[in-house]
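Got the model open in your viewer? Set it to cartoon, keep the selection box handy, and let's walk through it stop by stop.

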Amino acid sequence: MDPRVLLAAWANENDEWVRYIVGGVIQGGVALTDAQVDRGYEFFRQEKGLDGRTFPPAAPLALDVSLDETAPALEITKLSEVQGVNALVPGGVIEPHSRLTIIYGENGTGKTGYARIFKALAQSRTDDDILGDINAEATGSTSARLNYTLGGTENELAWEGDHGVAPFTRMFIFDNPSVNYHVDGDLDYVYVPASLALFNHVSAAIRGVQDRIDGRINALSGGTSGLLTRFPRESSVYTDVETLGAATSLEELKAKADWDPNIEDRLETLRRAVSALQGDNLRTQIQTLHREARIQAQGLEIAEGLRSFDTAKYNELLDRRTQLSSDYETFRKELFAAASLPAEPEETWQNFVVAADAYRRHLVEVGAHDADHCLYCRQTLEAPARDLLAKYSSYLEDKISTDLGEVNSELRGMAVGVQGLARPEVEAFLAEQEAHGETPTYGVALATVVETRQGLYQTMIDATPFDSDLQGAVAESSESLSEAHVATTAKVTELQTHAADQVAALTEKKTELAELTAAAELGRAWTTIGSRVRDAKEADQLTLLKRGFRGLLRGLTDLAKEASDQLINQNFEGLFLEECKALRAPELTVEFRGRDGQPRRRKTLSTESKPSLVLSEGEQKVLAIADFLAEASLAGITAPVIFDDPVSSLDHRRVKEVAERLTLLAQNNQVIVFTHDILFATTLYALAERPENLAYFEISDAGGKGNVTRGTHPAADSIGNIRGDINRTIQAAKATEGQAQIALIKHAYSRMRAFCEVFAEQDLLAGVSRRFEPNIRIGSLSNIKVDKLSDAIETVNGIFEVACGFTEAHSQPLPTLGVAPTIEGLEADWATLQECRSTYRTGG
């Protein structure tokens, strides 16, 4: 059955929009355009009730078609003007034969560059980027000129390095990198009949509709962020707008809208009320009173500290320090009267003594003190110095100094306490009041307390007695501050109560304003809100409908598998088994797997292992060739088949079998073979039977890589070319003399030696054993002329021995080194050898 009939029957069992797509694909035979897919999507929407119906019903599809898909024959007639391909030199010309073309070249001579051109044109499985000459400073663009015929019409292509150029994409190319694809890979078919390609086109169109559904869903799911910003977050409607979707009840939401035409007046009234409540200065008053209460409390702290200050103790300590200082000075003078000090001992000197003692204690702690040497100059201490140090110790350990230190410590402690009563915030407050010319009722009392503390502290700094009545000075101020603090605290409490009532009223009005604002916005944005909800419902419906696409595509894939199994797999399997038999390839199983409507194949052994893990390299190669040839034959070959070194790693028997298969293929198709194997090349040449059935080219690196030379056959000696070389050499020898003539005569004898070998191989042994063939031609034994063989062998042996005596390839004994050949002897030997061959061949 025609796959198009299967496809039409499947479409008739599905939705109308599917029939529209399938009908368009079958009618056009190609993939649908974007505009056609858009129309298919519109058909889908109308059929599913998403849009109003304007399309007429899609009638069931009915087809009566034929399977003729023959493509016009493609034949390459000339490749020339190659530029920028690897390191190939310009000027190479290859004119392939319509049947077999052999392109021979040793490794590294450049033949791969020409093969890469064909791979790029065909965009084969192993097609790579073509590089220029990597050793050149600058390379030009990649280009070449191709002459070809298509359906018998001559054409020309100016190729500029493009990959996949029609109609050359129909060419089949086999090379070593493709072996793994053909052996282990899950291969798509290079050739897919046009009717099977329709399944791919239908699949692509359905996926195009699916993509448009996805795009529509994304567009419908744009979110509500822009709309949401119009609604107060604190309103009850905010959550409703935030969660707008398919489940939203428009009736319930509409009930929350306020449609009053005078709603702006109501909103303005609420805004004024909120502004008035927010602008009340209660909060400022409370903050001011809080600060005053804090200032008053700090003033009371200062007053309390001053009232607890012990003035009598301070004065007593001051007197005691004066007495101790006098006693200490007298003690110091008497102690060091005989010490010959440079000046009277005073504070600077005392600091020196204290510092030295601290250094001494440090040395004792680290175990480095030496009592017999001076701490500073390190000289040995004499008796007078020791006495002076003893006095220093006595001075430092004196009781008077200890008592004096304790008194000073107490006085410092009292001063620190008075300093700690300072309150910067209070002092800053008084400065502010003075700057503004304002004095609160408690201001005088506060200033009195601060000034009293400052006066007391200054007295202690000056170390003078304090004679004022401190407690009496701050008692009245303390009482005044206390009364003011009580009054201020009460006022704060009163204002806070009023503020709480005001906050409640403000909160109520704000809530009322937010709700009314949201209700008004609902009315203004109702058209947008309704559209958003309808979009969400459509997105949900599309999401639900899209779930059916998976089953739809799966059904299409199954149908494509069925069609490809009928049209491709069953045919391929038969062709593949035939090729395997012809090439003695290993037996294995071909599995056919389809995905997304694409036919594919895989080969496995009975162990379900990959063939590459079990088979030898040679077995893999012939298996790959069998797969390649089966795939090419499946299409009905109408384009060149190209092989790039197909017999590397093959033994001589398989080389011949591959050569036989390629020669058979070339009988009805253009076959181009690149090879570096001379045995393979000569085997192909021999199997071609007649030179007019093939074209032979040699690629060399003489003068640069890729130098192309056209030949008639693979390089091998023949009777004809050796005879011509000898005759020309004899004529050249006759035209000269001396050493030059002797050298030419020796060269002629060397070629006569080769003539003997070819005569023996081709004529005496009738080609039973050829040097370039691994096999023995038993069937040619009957061609050997046994009755003439003995005489011929005697003649050939004699002349062969003479030739060996003169050839430069052999080292000669001393007696013969001085014997020079003559032109007469050369001509006589050459005539004898030719007569011997003529007699043997003609039987005369």
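Start with the whole cartoon: the protein has 28 helices and 12 strands. Helices (H or I, at least four residues) and strands (E, at least two) are DSSP runs, numbered from the N terminus. Residues are numbered from 1 along each chain as its sequence is written. This is a predicted model, where local features need pLDDT of at least 70, side-chain atom pairs count only at pLDDT 80 or more, and totals for chains, interfaces and linings use all residues, while side-chain values use heavy atoms, with hydrogens and water left out.

Now switch on the surface. The accessible surface comes to about 44,400 Å², and 50% of that belongs to carbon and sulfur atoms; such areas come from the Shrake-Rupley method with a 1.4 Å probe, and for residues only the protein chains shown count as cover. Of the 844 residues, 41% count as buried. Buried means under 20% relative accessible area, exposed means over 50%, and partly exposed is in between (1.4 Å probe, protein chains only). As for contacts (heavy atoms within 4.5 Å), take the ones between residues at least 6 apart in sequence: 76% of them join residues at least 24 apart.

**Stop 1: the cores**

Select Leu100, Phe576, Phe643, Val658, Val673, Phe680 and Leu684. These have the most contacts inside the largest nonpolar core, which has 42 residues. A nonpolar core here is a set of buried Ala, Val, Leu, Ile, Met, Phe, Trp, Tyr and Cys residues joined through side-chain atoms within 4.5 Å. Colour helix α21 (residues 617–634) next, as it gives this core its largest share, 10 residues. In soluble globular proteins, nonpolar side chains tend to be buried together.

Which residues does Phe643 touch? Leaving out residues up to four places away in sequence, Phe643 touches Phe174, Phe628, Leu629, Leu662, Leu665, Val671, Ile672, Val673 and Phe674. Apart from this core lies another, of 38 residues, with Trp10, Trp17, Val18 and Phe55 among them.

**Stop 2: helix α2**

Stay with Trp17 and show all of helix α2 (residues 16–28). Its 13 residues reach 18 Å from the first C-alpha to the last, close to the 18 Å expected at 1.5 Å a residue (the expected span is 1.5 Å times one less than the number of residues). The buried residues of α2 are Glu16, Trp17, Val18, Arg19, Ile21, Val22, Gly23, Val25 and Ile26. Just after the helix, look at Gly29, which takes a positive phi of about 75 degrees.

**Stop 3: a buried lysine**

Go to Lys119 in helix α4 (residues 111–122). Buried or exposed, what does Lys119 count as? Lys119 counts as buried, at 9% relative accessibility. Show what surrounds it: leaving aside neighbours within four places in sequence, Lys119 is in contact with Ser124, Thr126, Asp127, Ile173, Asp175 and Asp644. Put a distance label on Lys119 and Asp175: they are 56 residues apart along the chain, and their C-alpha atoms are separated by 9.7 Å.

**Stop 4: salt bridges**

Side chains of opposite charge can pair when their charged atoms come close. The structure holds 34 salt bridges, each a side-chain nitrogen of Lys or Arg within 4 Å of a carboxyl oxygen of Asp or Glu.

- Arg230 and Glu521: the closest N and O atoms are 3.2 Å apart. Arg230 is in the loop between α7 (225–228) and α8 (237–242), and Glu521 is in helix α18 (residues 470–524), 291 residues apart. Arg230 is partly exposed at 36% relative accessibility, whereas Glu521 is buried at 13%.
- Glu427 and Arg453: this pair meets at 3.9 Å, N to O. Glu427 lies in helix α16 (residues 424–436) and Arg453 in helix α17 (residues 443–462), so the pair ties together parts 26 residues apart in sequence. Glu427 is partly exposed at 31%, and Arg453 is buried at 7%.
- Glu827 and Lys734: here the closest N and O atoms are 2.4 Å apart. The pair links helix α28 (residues 823–842), home of Glu827, with helix α24 (residues 719–734), home of Lys734.

Finish this stop by selecting Arg45, Asp51, Arg216 and Glu538, which are joined into one network by salt bridges that share partners.

**Stop 5: a surface patch**

Last, select Phe352, Tyr359 and Tyr376, a nonpolar patch on the surface with about 330 Å² of accessible area together. Patches are made of residues with over 30% relative accessible area and no salt bridge; like charges are joined within 9 Å, and nonpolar side chains (Val, Leu, Ile, Met, Phe, Trp, Tyr) within 5 Å. Tyr359 is found in helix α13 (residues 347–365) and counts as partly exposed, at 36% relative accessibility.
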